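Q: Could you zoom in on one part of this protein and walk me through it slowly? I'm new to this, so please show me how each step of the reasoning works.

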Amino acid sequence: MLNDKDSDMLRNQLSNEASREHQQKISYIVEKRECVLISSLGLKPCKDGDQWCFLFGDNLQEGVCGFGDTPYKAMIDFNKNFESETISPLKNGIRKYVD
């Protein structure tokens with residue numbers, strides 16, 4: 001049988017492991033969610049100089065893009081820009097709901 005000190009230490013260790021596992025699951029869900037938009041638009045990363053880029057549209061001036069040091073960072077930037085962009089109802093063939 002464990003004494004109180006060992007029991008508390010074991011409880012804390014189990015709690016920390018459960019917390020770490022929970023955080024890993026949350027991170028996986030967030031990363032998966034980030035990929036949904038890129039995937040549904042059929043976008044592929046490309047290199048532009050020393051940066052990775054995702055572009056939705058014909059060019060940088062008319063489309064929505066994201067840049068980053070890695071494809072993942074470019075995807076995060078693209079998603080942020082896509083969500084904040086005020087897109088007219090049929091620009092680029094998609095509808096954007098604007099608050």
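A: Let's start on the surface, where I26, Y28, I29 and V30 form a nonpolar patch. Together these four residues have about 380 Å² of accessible area. Keep in mind that we're looking at a predicted model, not an experimental one.

Take V30 from that patch and you're in helix α1. V30 has a relative accessible area of 41%, so it counts as partly exposed. Now stay on the helix, which covers residues 4-41, and go along to E34. What is the relative accessibility of E34, and does that make it buried or exposed? The value is 16%, and because buried means under 20%, E34 counts as buried.

So what does E34 touch, apart from residues up to four places away in sequence? Its partners are M75, I76 and N79. With N79 there's something extra: the side chains of E34 and N79 are joined by a polar contact of 2.6 Å.

Let's cross over to that partner. N79 is found in helix α2, so our polar contact links a residue of helix α1 to one of helix α2. N79 is buried too, since its relative accessible area is 8%. Looking back the other way, and again skipping residues up to four places away in sequence, N79 touches E34, L37 and I38.

It helps to see where these two helices sit in the overall order. The chain has 2 helices and 3 strands, and reading along the sequence gives the pattern α-β-β-β-α. Of the contacts with a separation of 6 or more, 25% are between residues 24 or more positions apart.

While we're on helix α2, which spans residues 71-84, have a look at A74. Its relative accessibility is 0%, so A74 counts as buried. Which residues surround A74, once neighbours within four places in sequence are left aside? The contacts are W52, C53, F54, G66, F67 and G68. You can also check A74 against L55: they are 19 residues apart along the chain, and their C-alpha atoms are separated by 9.8 Å.

One of those contacts of A74 is a cysteine, C53, so let's test it for a bond. A disulfide is a covalent bond between the sulfur atoms of two cysteines. The closest cysteine sulfur to that of C65 is in C53, at 5.5 Å. The cut-off is 2.5 Å, so that pair is too far apart for a bond. The disulfide count comes to 0. As for how covered these cysteines are, C65 is buried, with a relative accessible area of 18%, while C35 is partly exposed at 36%.

Back on helix α2, there's one charged pair to find. Side chains of opposite charge can pair when their charged atoms come close. Here D77 forms a salt bridge with K80, with the closest N and O atoms 3.5 Å apart. Why is the spacing along the helix handy to know? D77 and K80 are 3 residues apart in helix α2, so they are separated by about one helical turn. K80 has a relative accessible area of 52%, so it is exposed. The salt bridge count for the model comes to 1.

Finally, step back to the whole chain. Buried residues make up 20% of its 99 residues, and E34, N79 and A74 are among them. The chain exposes about 7700 Å², and carbon and sulfur atoms supply 53% of that area. So when you turn the model around, try following our route again: from V30 on helix α1, to E34, across the polar contact to N79, and along helix α2 to A74.

Definitions and conventions: Residues are numbered from 1 along each chain as its sequence is written. This is a predicted model: local features need pLDDT of at least 70, side-chain atom pairs count only at pLDDT 80 or more; totals for chains, interfaces and linings use all residues. Side-chain values use heavy atoms; hydrogens and water are left out. Helices (H or I, at least four residues) and strands (E, at least two) are DSSP runs, numbered from the N terminus. Buried means under 20% relative accessible area, exposed over 50%, partly exposed in between (1.4 Å probe, protein chains only). A polar contact is a pair of N or O atoms within 3.5 Å; within protein, one must be able to donate a hydrogen and the other to accept it, and residues adjacent in sequence count only if both atoms are side-chain atoms. Contact means heavy atoms within 4.5 Å. Accessible areas come from the Shrake-Rupley method with a 1.4 Å probe; for residues, only the protein chains shown count as cover. Patches are made of residues with over 30% relative accessible area and no salt bridge: like charges are joined within 9 Å, nonpolar side chains (Val, Leu, Ile, Met, Phe, Trp, Tyr) within 5 Å. A salt bridge is a side-chain nitrogen of Lys or Arg within 4 Å of a carboxyl oxygen of Asp or Glu.
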